[in-house]
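Good morning, and thank you for joining this group meeting. I would like to take you through one protein, beginning with its pockets and then turning to its sheets.

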Amino acid sequence: MDAYYGGSLRRADIPIEDGSVTVDRGSKVRRTLSLTVADPSLLPWDALDPLAVYGQELVVSRGIRFTHGDEMVPLGTFRIGEPEGDVHDGPVTVTGTTAEAAVADASFMTPTTTRGYNNMVEAISYLIHQVIPSAAILNATGRNPTCPVATWDAGADRWDAVVQIATAMGAEVYVDPVGRFIIANRPDPLATPFAWDIAEGEGGTLVSASRRMSRDNVYNAVVVSGENSASTSAPVSAIAYDNDPASPTRWGGPYGRVPKNYQSSLLLSQGDCQTAANYMIADLTAPNIQTSISAIPNPALEAGDVIRVSYAGRKELFVAQSFSIPLTAEGDFPITLRGGKEDAE
């Protein structure tokens, strides 16, 4: 783990006592850092100290060190948020967040509009580059629709505006482990090759697993509406239901009626709303399944990756919703999964 300030290395190979990187697809900031440093001399006193909070960043990775070199996987670049500790004995605890937080902090100082930006990726890039001019932005969706004119008031959250534009193009946006802003399709466990096969038995990585289901954030209808004062279009809306008769969350079934409402000024027609609703419903109906896995952590896993779990005589495909990667050799690797489709293989 290395500390940087203004792009310059301030301290290399900071020794840590404990820590983890939490990756959460449902969080506003996808990657967060929590760590413990035993050395009390690293408790910051001055603005330029390596672990101070004035723009200092920690570049974190995990891997294996060999005599011939290191094999490391990046886990993220984190802006330091809150270091604290006993001034005599330590330890020093440190928290950090990836660059979504920097964009969110830069709330709009004046009313801001997408007028003049022809497509949605251009509008997203504009909002991010105003804060981080050097930011790398990768559109992995293969789409770049025309961007309607939308306006946000002074004081509005800039990152929320970025997310709204990404949602209007049927995508999600986040910062990846190497600091790039990624615009990506929502994952589909049946259409995406799995990135990791977690299996029990000889040669498998699964040592033990517990399972818990939750109704939290599981819906069976979505009402999408659009109203844009900058256009002459009338307010529009559309609804998508979970109508699969085999679905346990089907609308009108024993699960009940649990709609979610979503509104955006970037949706101008009933067709736009219907497309957004159809795209959102698959993710909203996917059940939350918490499985706690005792295995060697996989630092290359990304939230949104499809994984296959082979256990208890079953093979199921899930989306990795959230997990916590330990920064030390000890520690379990708990993963919250979403979805749960039987692998037909």
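Let me begin with the second largest pocket, to whose lining β15, α4, β19, β21 and β22 each supply at least two residues. Please keep in mind throughout that the model is predicted. The volume of this second largest pocket is about 890 Å³. In total 37 residues line the second largest pocket, and those closest to its centre are Ala282, Thr285, Ala286, Pro287 and Lys341. Which element gives the largest share of this lining? That element is α4, with six residues. By character, the lining of the second largest pocket divides into 17 nonpolar, nine polar and 11 charged residues.

I turn now to the largest pocket, which has a volume of about 1,000 Å³. Its lining is made up of 35 residues, and Arg25, Gly26, Ser27, Asp283 and Gln321 lie nearest the centre. Several elements give two or more residues to the lining of the largest pocket, including α3 (158-168), β12, β15 (209-214), β18 (259-264) and α4 (270-285). The list also includes β19, β21 (314-326) and β22 (333-342). Here the largest share, five residues, comes from α3. The lining of the largest pocket comprises 11 nonpolar, 11 polar and 13 charged residues.

How far may we trust the model? The mean pLDDT of the protein is 90, and 96% of its residues reach 70 or more. Among the elements, β10 has the highest mean pLDDT, 98, while strand β19 (residues 288-293) has the lowest, 76. As a general caution, where pLDDT is low, the predicted coordinates should not be read in detail.

Next, the sheets. In general, strands of a sheet pair through backbone hydrogen bonds, either parallel or antiparallel.

One open sheet consists of three strands in the order β17-β16-β18, with mixed pairing. Why is one side of β17 and of β18 left without a neighbour in the sheet? Both strands stand at the edges and have a single partner strand each, so one side of each has no neighbour there. On average, neighbouring strands of this sheet are turned by 15° against each other, direction ignored.

Consider the pairings one by one. Strand β16 (residues 221-226) and strand β17 (residues 236-241) run antiparallel and are joined by six bridges. Within this pairing, Gly226 stands opposite Val236, and Val222 has Ala240 as its bridge partner. β16 also pairs with β18, in the parallel sense and again over six bridges; there Val223 stands opposite Asn261. Helix α4, already met at the pockets, lies across β16, β17 and β18 and runs at about 30° to β17.

A further open sheet has three strands in the order β10-β13-β12, and its pairing is also mixed. Its edge strands, β10 (137-139) and β12 (171-175), each pair on one side only. The twist from one strand to the next averages 20°. Helix α2 (residues 120-129) packs on this sheet and touches β10 and β13, its direction making about 165° with that of β10. Between β10 and strand β13 (residues 181-185) the pairing is parallel, over three bridges. One of the residues involved is Ile137, whose bridge partner in β13 is Phe181.

To close, I would return to α4: this helix gives the second largest pocket the largest share of its lining, and α4 also lies across the strands β16, β17 and β18. Thank you for your attention.

Definitions and conventions. Residues are numbered from 1 along each chain as its sequence is written. This is a predicted model: local features need pLDDT of at least 70, side-chain atom pairs count only at pLDDT 80 or more; totals for chains, interfaces and linings use all residues. Side-chain values use heavy atoms; hydrogens and water are left out. Two strands pair if DSSP finds at least two bridges between them. Helices (H or I, at least four residues) and strands (E, at least two) are DSSP runs, numbered from the N terminus. Axes are lines fitted to C-alpha atoms, for helices over the stretch in contact, and angles run from 0 to 180 degrees between N-to-C directions. Contact means heavy atoms within 4.5 Å. pLDDT is the predictor's confidence in each residue, from 0 to 100. On a 1 Å grid over the protein atoms alone, a cavity is a set of points where a 1.4 Å probe fits but cannot get out, and a pocket is an open set with protein on both sides within 12 Å along at least five of seven lines; lining residues have an atom within 4 Å of a point. Grid points are joined across faces, edges and corners, and a volume is the space filled by probe spheres set on the points. Ala, Val, Leu, Ile, Met, Phe, Trp, Tyr, Cys and Pro count as nonpolar, Asp, Glu, Lys and Arg as charged, and the others, Gly among them, as polar.
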